[in-house]
Amino acid sequence: MSGPRLPAGLAERYTPLRIIGRGGMGVVLEATDLHLKRSVALKLILLNGPITDEVRAYFAREARSLAAISHPCVVRVLDGDVAGDTPYLAMELLEGASLYEIVHDELPSAATLCGWLDQLLDALTYVHERKMLHRDLKPSNILIEDSGRPVLIDFGLVSNAESTRLTATGV
């Protein structure tokens with residue numbers, strides 16, 4: 001199966017298989033990591049215009065920050081950089097449905113929701129203790145794995161909790 005085309009510099013490392021999500025700033029693909037021979041979720045951040053050295057350094061810091069997070073309820077970042085003019089993150093590929101999809105199909109029991117909430121609060125505490133903020137927390141950015149584990153998946157543009165600078169979609 002042939003998937004979407006990748007920007008220059010990524011095709012040597014990843015083979016795209018299919019689109020698994022879209023957001024305000026990019027697209028997420030299921031892809032094969034050709035070096036490590038495993039499936040990944042490859043997030044391509046689509047910006048308008050060329051990447052400056054400042055933006056390139058920002059995304060490098062962002063990738064390092066996210067890759068340093070190690071919690072069972074936070075998606076693992078495996079790789080990240082800028083290829084051409086496209087920042088990207090390679091993350092573990094998870095199977096499941098978003099909390100948004102789940103609650104719109106059939107509302108889970110209060111006990112199930114409280115169990116998920118407890119695990120997510122633990123994950124957010126972990127992230128905040130590392131002086132980082134999840135900048136896009138909403139039901140569609142919480143994946144409930146097939147095993148029942150909730151996972152924070154899309155941090156938007158991660159922020160150092162001490163920073164006061166805000167970012168909007170497209171910036």
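# A tour from T86 outward

Select T86 to begin: with a relative accessible area of 11%, this residue is buried, because under 20% counts as buried. The model you are looking at is predicted. T86 sits in strand β5. To see what packs around T86, show P7, L44, I45 and D81, which are its contacts once neighbours within four places in sequence are set aside. Two of these, I45 and D81, will come up again at a cavity later in the tour.

**The whole chain**

Zoom out and colour by secondary structure. The protein chain has three helices and 10 strands. Followed along the sequence, these elements run β-β-β-α-β-β-β-α-α-β-β-β-β. The chain holds 171 residues, and 37% of them count as buried. Now switch on a surface: about 9700 Å² is exposed, with carbon and sulfur atoms supplying 53% of that area. For contacts between residues at least 6 apart in sequence, 52% join residues at least 24 apart.

**I51 and D85**

Next select I51, in the loop between β3 and α1. Is I51 buried or exposed? I51 has a relative accessibility of 12%, so it counts as buried. Add D85 to the selection and draw a distance between the two C-alpha atoms: I51 and D85 lie 34 residues apart in sequence, yet the C-alpha separation is 5.3 Å. D85 is also among the contacts of I51, together with R56, V82, G84 and P87, leaving aside neighbours within four places in sequence.

**The largest cavity**

Stay inside the protein and look for enclosed space. How many cavities of 30 Å³ or more are there? The count is two. The largest holds about 70 Å³ of space. To find this cavity, select L66, L89, M91, I153 and F155, the residues nearest its centre among the 11 that line it. Then highlight α1, residues 53-67, and β5, residues 86-92, since each of these elements supplies at least two residues of the lining. Colour the lining of the largest cavity by class and you will find seven nonpolar residues, one polar and three charged.

**The second largest cavity**

Move to the second largest cavity, whose volume is about 40 Å³. Its lining is made of I45, F59, E62, A63, D81, P87, Y88 and L89. Here α1 and β5 are the elements that give two or more residues to the lining. By class, this lining has six nonpolar residues, two charged and no polar ones. Some names will be familiar from earlier stops: I45 and D81 are contacts of T86, P87 is a contact of I51, and L89 is one of the residues nearest the centre of the largest cavity.

**R5, before the first strand**

Return to the outside and select R5, in the segment before β1, which spans 14-22. R5 has a relative accessible area of 78%, so it is exposed; the cut-off for exposed is over 50%. Add T15 and draw the C-alpha distance: R5 and T15 are 10 residues apart along the chain, with 8.7 Å between their C-alpha atoms.

**Two lysines with positive phi**

The following two stops concern backbone angles. Most residues other than glycine have a negative phi. Select K37, in the loop between β2 (26-33) and β3 (38-45). Its phi is near 55 degrees, a positive value in a residue other than glycine. K37 has a relative accessibility of 67% and therefore counts as exposed.

Then go to K131, in the loop between α3 (110-129) and β7 (132-133). What is the phi of K131 near? The angle is near 60 degrees, again positive in a residue other than glycine. At 43% relative accessibility, K131 counts as partly exposed, because that value falls between the 20% and 50% cut-offs.

**The cysteines**

For the last stop, select C73 and C114. C73 is buried, with a relative accessible area of 4%, whereas C114 is exposed, with a relative accessible area of 51%. A disulfide is a covalent bond between the sulfur atoms of two cysteines. How many disulfides does a search of the whole structure find? The search finds zero.

Methods
Residues are numbered from 1 along each chain as its sequence is written. This is a predicted model: local features need pLDDT of at least 70, side-chain atom pairs count only at pLDDT 80 or more; totals for chains, interfaces and linings use all residues. Side-chain values use heavy atoms; hydrogens and water are left out. A disulfide is a pair of cysteine sulfur atoms within 2.5 Å. Buried means under 20% relative accessible area, exposed over 50%, partly exposed in between (1.4 Å probe, protein chains only). On a 1 Å grid over the protein atoms alone, a cavity is a set of points where a 1.4 Å probe fits but cannot get out, and a pocket is an open set with protein on both sides within 12 Å along at least five of seven lines; lining residues have an atom within 4 Å of a point. Grid points are joined across faces, edges and corners, and a volume is the space filled by probe spheres set on the points. Helices (H or I, at least four residues) and strands (E, at least two) are DSSP runs, numbered from the N terminus. Ala, Val, Leu, Ile, Met, Phe, Trp, Tyr, Cys and Pro count as nonpolar, Asp, Glu, Lys and Arg as charged, and the others, Gly among them, as polar. Contact means heavy atoms within 4.5 Å. Accessible areas come from the Shrake-Rupley method with a 1.4 Å probe; for residues, only the protein chains shown count as cover.
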